[in-house]
Amino acid sequence: GGTAETLSFEAEVSRLLHLMVHSVYSNKDIFLRELISNAADACERLRHLSVTDASLVADDPAFRIVLAADKEAGTLTVADNGIGMDHGELIANLGTIARSGTRAFLEGLEASDDRSALIGQFGVGFYASFMVADKVEVLSRRAGDDRAWSWTSDGLGTFTVEEAPLESAPARGTRVVLHLNEESRDYAEDGTIERIVREYSAHVPIPIVLASTGEEEGKGEERQLADGSALWRKPKSEVKPEELKDFYGHIGGHYDDPAITIHYRAEGRQEYSVLLFVPSSKPFDLFDPNRKGRVKLYVRRVFITDDAEILPPWLRFVRGVVDSDDLPLNLSREMLQNNPVLDAIRRGVTNRVISELEKCADKDAETYAKVWDAFGPVLKEGIYEDPERRDALFKLARFRTTKSGDGWRTLAEIVADLKENQTALYYALGDDLSTLKRSPHLEGYRARDVEVLLLADPVDAFWVRTALGYDGKPFQSVTQGVADLDKIALPEDDKPKEEAAEAGETASLVTALKDALGEAVSDVRASERLSESPVCLVAPDLGYDRQLEKLLAQQEG
Ligand code: ADP
Ligand code: MG
């Protein structure tokens, strides 16, 4: 060791840092929540490792986060006795963008006009420190290692890493020292720190302590700001709504309010505690191709993994915690995939989320409309991925139709309004609602007052083909075949009064069109599906819908 290396941030980090430093961003408080959340994660990761190697925590078994402000020096320190980072981890974790969510966030920013609002909605991690500091020092020693490292940066493009003398580093874990910039000196006040912790981090599952000025660990006076108890383990009656909201902020990294909170304890063959949230707005990484869920698995209060896929991918927007009494603490990868207890938990929790969504749909249409608006496209993935849940998802599904206006229609409502002789549920697929509404394919249906589902999400083309039908009625595209529309009566005064002579003229027009178009079409037919436009293109009865053909072509492209 001894020599300092100076390295450049990954280009995307530089972009993010630039935004941090220059954003006229109203709520800078959240930087502290990001640092506390990292400190808590580090403690929880070590607690998990210590299950199999108790020596890692033997000399200091009580996990905690210590905050210390020094008004004179203008610094704020966040220290933890968690897992710590070695040389390679410091460079990898604090020099690049670890989270795919952060990358998606940056892309969202570039596309958006209102940048500061966006930053306010999403957690952006460690780099948020540079909103309030013009220099950040990180001292870290990984649990079990005999060397410590320091990382220093002014956030302007490079950072420096060097070996740190053991006596200046924490015995285990990480200490982040913020040298507050001129406008941010207020964050060196105990009162400010206390307020922010109460507001954002009161239910982090590791105790948080405020050390009096100048002191960092242990020696001086200390005050506990948060007790680190596991909120999800408390009986429902003892938990206040504000506490749940606060915990949602910690667990979800979101800055909105949860639309639905699901808090219960399962008793019986498997015992576990559940605290889950359905957000009210879309995160940026909702359509991230890895489609991972964000439910954290705990075993008897010990964090195990957020990779246990407790909920299926089509419920990946749900955030929160499931804490099992029955699983072993040292769950291997293999056991995560192949464990009957975990499978029972997955089934039970998925059922509960679905029933809570149903309850919300029944009792609070306004909230449910928000949920559907944000996550409907994800829930619809379940219709073709999870045939077992199809009926439940059909109950939850909401649609725009030719009769919905700006509201939503359920399949049950649509079926209740079927016309006499209507044997199918008709749908039109397209890229957006307004184009769909103008489609000439809808004219014959409008003339007969037949309701058509307007499907404008990319996922629609997939489920609608595999769904078989609802309530015994198949789904049928308005662009496919001549359908059985002719069997449905037009209102009396609208009936075309076709004379024999006109029929003859139509037949010769069809022949002339067939000659002229030749190979370009497979057939030309006269139909009653149009009432205003003279002609439209349809797909063959058994072929792919035109929208699906387009999507498949794009994927191959
Ligand atoms: P995220 O926490 O979402 O991964 P951050 O930008 O907040 O993103 O942190 C990046 C990474 O740096 C973390 O994933 C973690 O590996 C590492 N890290 C940050 N703070 C600490 C800490 N106090 N102790 C150990 N590792 C940390
Ligand atoms: Mg973080």
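Tutor: First, a bit of vocabulary: Ala, Val, Leu, Ile, Met, Phe, Trp, Tyr, Cys and Pro count as nonpolar, Asp, Glu, Lys and Arg as charged, and the others, Gly among them, as polar. This is a predicted model, where local features need pLDDT of at least 70 and side-chain atom pairs count only at pLDDT 80 or more, while totals for chains, interfaces and linings use all residues. Residues are numbered from 1 along each chain as its sequence is written, and chains are lettered from A and ligands numbered from 1 in the order in which they are written.

Student: How many residues of the shell around ligand 1 are nonpolar?

Tutor: The shell holds 16 residues, with Asn38, Ala42, Asn93, Gly125 and Phe126 the closest; being near means a C-beta atom, placed from the backbone, within 6 Å. Three of the shell residues are charged and six are polar, and the nonpolar ones number seven.

Student: Which helix gives the largest share of that shell?

Tutor: Helices (H or I, at least four residues) and strands (E, at least two) are DSSP runs, numbered from the N terminus. With four residues, the largest share comes from residues 30-49, helix H2.

Student: How far apart are the end C-alpha atoms of helix H1?

Tutor: The expected span is 1.5 Å times one less than the number of residues. H1 has 12 residues, so it should span 16 Å, and that agrees with the model's 17 Å.

Student: What arc do the buried residues of H1 cover?

Tutor: Buried means 20 or more other C-beta atoms within 10 Å of a residue's own, exposed 12 or fewer, and partly exposed in between, with C-beta atoms placed from the backbone. In H1, Val13, Leu16, Leu17, Leu19 and Met20 are buried. They sit on the same side of H1, because their arc, taken from the directions from the helix axis to the C-beta atoms, is only 160 degrees.

Student: Which strands stand at the edges of the five-strand open sheet?

Tutor: Two strands pair if DSSP finds at least two bridges between them. The order is S10-S11-S14-S12-S13, with mixed pairing. Each edge strand has a single partner, so one side is left without a neighbour in the sheet; the edges are S10 and S13.

Student: In S14, which residue is the bridge partner of valine 295?

Tutor: Strands S12 (residues 294-299) and S14 (residues 319-324) run parallel, joined by six bridges. Valine 295 has as its partner in S14 glycine 320.

Student: Which residue stands opposite valine 452 in S17?

Tutor: Val452 and Leu454 point one way from S17, Leu453 and Leu455 the other, and all are buried. S17 pairs in the parallel sense with S16 (residues 425-429) over four bridges. Opposite valine 452 stands tyrosine 426.
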